[in-house]
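This report describes the fold, packing and local geometry of one protein chain. It proceeds from the overall make-up to individual residues.

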Amino acid sequence: MIHGNCKTLLIPVVQPFCFHCGRPVAGLGTEYCYDCKRRLEKTKSPYWRRNNPASWFVQGRALYVYQGPVRRTMYRLKYSNRREYAEFFAKEAAARYGKWIRRAGVETIVPIPVYWKKQKKRGYNQAGLLAEQIAELLGLAYEPEALIRVRNTKPQKELGEKERKNNLKSAFQAADFVVKYNCILLIDDIYTTGATVESAARTLRESGVKEVYVLTACIGMGAMQEV
């Protein structure tokens, strides 16, 4: 678990945050972050429309700002087998966003998958650890096989925004059974540009899922706010 003194160094995401992705914004009068506003203006349509939507997921939320000590925490969770950190984030997620998840009508929780070779080498999927424990705490179904990553994509952190989108084209495949779900919650460790969850959400939507929500442990400050 994360020591109490270390927890105080983490920066929780609190209001005001973007209505869509959950990224912190400058003031209470700011409805969307720069990235989401830019996508909305580009498409000239509300994000929830199916026809060329600005986003494939309805709303996203995050626990902590991806700055400072939390970067080391996420690295250890992902690469150093510190699986106990997943329990901490899962309990925080259930406590802070349990009501939001239930109001959304989420029926099952699905992790963003990693490519099978990477998971075999690492021994686990950090998003899967989070998703499974959140599902257990909230009494919801957990579907680790709902999505698979069919391409071994390059690490997103090494790419620019346009490259990130192209990198994830056709990266995911949905299982046939996802069509039985109306509302799915996607879980990932870090939200930066949103390219990964957008690609995964699109795959689910095009497979028949009506609504997709997103919850991540951490979120970056975005193109115009990154410090």
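Helices, in the numbering used here, are DSSP runs of H or I of at least four residues, and strands are runs of E of at least two, numbered from the N terminus. The model is predicted.

## Overall make-up

The protein chain comprises eight helices and seven strands. Of its 227 residues, 53% count as buried. Among contacts between residues at least 6 apart in sequence, 74% join residues at least 24 apart.

## The sheet and the helix across it

Five strands form an open sheet with parallel pairing, in the order 1-7-6-2-3. Strand 1 (60-65) and strand 3 (141-142) are the edge strands, each of them pairing on one side only. Strands of a sheet pair through backbone hydrogen bonds, in either the parallel or the antiparallel sense. Between strand 2 (residues 108-111) and strand 3, the pairing is parallel and extends over two bridges. In this pairing, T108 stands opposite A141 in strand 3.

Helix 6 (residues 126-138) lies across strand 2, strand 3, strand 6 and strand 7 (211-219). With respect to strand 6, helix 6 runs at about 135°.

## Helix 2 and its cysteines

Which residues of helix 2 are buried? In this helix, which spans residues 34-43, they are D35, C36, R39 and L40. These residues lie on the same side of helix 2, because they cover an arc of only 135° around the axis. The elements that cover the buried residues of helix 2 include strand 6 (183-191) and helix 8 (195-206).

The structure holds zero disulfides. Why is C33 not bonded to C36? The closest cysteine sulfur to that of C33 is in C36, at 3.7 Å, which is too far for a bond; a disulfide requires the two sulfur atoms to be within 2.5 Å. Correspondingly, C36 is in no disulfide, and its nearest cysteine sulfur is that of C33. C33 counts as buried because its relative accessibility is 1%. C36 is buried as well, with a relative accessible area of 2%.

## Helix 4 and its contacts

A94 lies in helix 4 (residues 84-104). Is A94 buried or exposed? Its relative accessibility is 17%, so A94 counts as buried, the cut-off being under 20%. Apart from neighbours within four places in sequence, A94 is in contact with L137 and L138. The C-alpha atoms of A94 and E136 are separated by 9.6 Å, although these residues are 42 apart along the chain.

## Aromatic pairs

Rings of Phe, Tyr and Trp count as a pair if their centres lie within 6.5 Å. By this rule there are eight aromatic pairs. Two of the pairs are set out below.

| Pair | Distance between ring centres | Angle between planes | Class |
|---|---|---|---|
| Y75 and Y79 | 4.9 Å | 50° | tilted |
| Y97 and W100 | 6.0 Å | 70° | edge-to-face |

Y75 and Y79 are four residues apart in helix 3 (residues 69-79), so about one helical turn separates them. Y75 counts as partly exposed, at 48% relative accessibility. Y79 is partly exposed too, with a relative accessible area of 42%. Y97 and W100 are three residues apart in helix 4, and therefore about one helical turn separates them. Both Y97 and W100 are buried. In addition, Y64, F88 and F89 form one aromatic cluster.

## Backbone geometry in two loops

Where is P16 found? P16 is in the loop between helix 1 (4-7) and helix 2. The peptide bond from Q15 to P16 is cis, with omega near 5°.

N81 is found in the loop between helix 3 and helix 4. Although N81 is not a glycine, it has a positive phi of about 60°. N81 counts as partly exposed because its relative accessibility is 43%, partly exposed being the range between the buried limit of 20% and the exposed limit of 50%.

Methods: Residues are numbered from 1 along each chain as its sequence is written. This is a predicted model: local features need pLDDT of at least 70, side-chain atom pairs count only at pLDDT 80 or more; totals for chains, interfaces and linings use all residues. Side-chain values use heavy atoms; hydrogens and water are left out. Buried means under 20% relative accessible area, exposed over 50%, partly exposed in between (1.4 Å probe, protein chains only). The arc is that of the directions from the helix axis to the C-beta atoms. Contact means heavy atoms within 4.5 Å. Two strands pair if DSSP finds at least two bridges between them. Axes are lines fitted to C-alpha atoms, for helices over the stretch in contact, and angles run from 0 to 180 degrees between N-to-C directions. Rings of Phe, Tyr and Trp (its six-membered ring) pair if their centres lie within 6.5 Å; planes under 30 degrees apart count as stacked, over 60 as edge-to-face and the rest as tilted.
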